Amino acid sequence: DDGHASDGGGPLSVTTQDPTTSQNQEIEEKPQPHPTGHESLLRFLLLPNQVLIVLTLEFLNSFRSFGLRFVLYNYVTNEFGISDVKAGALLGTKGFIDIIFGTIGSIMVDMIGVRRISIIAMSVAI
């Protein structure tokens, strides 16, 4: 045996060497059953409140970025009378700027910290 877990579908069998006796020992680990839908939901709801807040904010941010794209396009073309080509260029520029600021923001989070950058971002957004 090469010391790696088997992939035969049954119980996992791992061979390890006992440092005190220099003998090989075989350890069997039984695979865990997959959680049901109710168990998964319960595990999700039992996450700390901070995780649920971050997931909610991530959902709202994604909706703002992707869900409102079509509304923004219709608003720009209908309200200001901009052609489809110019609206595409304008929204493409916005997407490119989003990528640049996302990259800069992620570097700043690594350098300064999540809390400080969040406070700065929220104060600028207001």
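Is F80 buried or exposed? In this predicted model, F80 has a relative accessibility of 54% and therefore counts as exposed, the cut-off for that class being over 50%. The surroundings of this residue, and of several others along the helices, are described below after a short account of the overall fold.

The secondary structure of the chain comprises five helices and two strands, and from the N terminus onward the elements follow the order β-β-α-α-α-α-α. Of the 126 residues in the chain, 6% are buried.

Helix α3 covers residues 69-80, and T77 is placed within this helix. T77 has a relative accessible area of 13% and is therefore classed as buried, since the limit for burial is under 20%. A polar atom of the T77 side chain lies 3.2 Å from the backbone oxygen of N74. Aromatic pairing in the model is limited to a count of one pair. This pair is formed by Y75 and F80, which are arranged edge-to-face, with 5.6 Å from centre to centre and an angle of 85° between the planes. The two partners fall into separate accessibility classes, because Y75, at 44% relative accessibility, is partly exposed, whereas F80, at 54%, is exposed.

Helix α4 spans residues 84-112. This helix contains 29 residues and extends 41 Å from its first C-alpha to its last, which is close to the 42 Å expected at 1.5 Å a residue. The residue that follows α4 is G113, for which phi is positive, near 120°.

The count of salt bridges in the model is one, and the bridge in question joins K94 to D98, with the closest N and O atoms 2.8 Å apart. Both residues belong to helix α4, where they are separated by four residues, or about one turn of the helix. Neither partner is classed as buried, because K94 is partly exposed at 35% relative accessibility and D98 is likewise partly exposed at 39%.

A nonpolar patch is also found on the surface, formed by F96, I97, I100, F101, I104, I107, M108, M111 and I112, and these residues together present about 870 Å² of accessible area. One of the members of this patch, M111, is located in helix α4. The relative accessible area of M111 is 66%, so this residue is classed as exposed.

Helix α5 is formed by residues 114-125, and the end C-alpha atoms of this helix are 16 Å apart, in agreement with the 16 Å that its 12 residues should span at 1.5 Å a residue. Because the number of buried residues among the 12 of α5 is one, this helix lies largely in the open. A121 is placed in helix α5 and has a relative accessible area of 41%, so that this residue is partly exposed. The C-alpha atom of A121 is separated by 9.3 Å from that of G105, the two residues being 16 residues apart along the chain.

Conventions:
Residues numbered from 1 in each chain as written. Predicted model: local features only at pLDDT ≥ 70, side-chain atom pairs only at ≥ 80, totals over all residues. Heavy atoms only, no water. Patch = residues over 30% accessible without salt bridge, like charges linked within 9 Å, V, L, I, M, F, W, Y side chains within 5 Å. Areas by Shrake-Rupley, 256 points an atom, 1.4 Å probe, with all protein chains shown as cover. Salt bridge = Lys/Arg side-chain N within 4 Å of Asp/Glu carboxyl O. Buried < 20%, exposed > 50% of the residue type's maximum accessible area, 1.4 Å probe, protein only. Phe/Tyr/Trp six-rings, centres within 6.5 Å; stacked < 30°, edge-to-face > 60°. Expected span 1.5 Å × (residues − 1). Polar contact = N/O pair within 3.5 Å; in protein donor to acceptor, adjacent residues only side chain to side chain.
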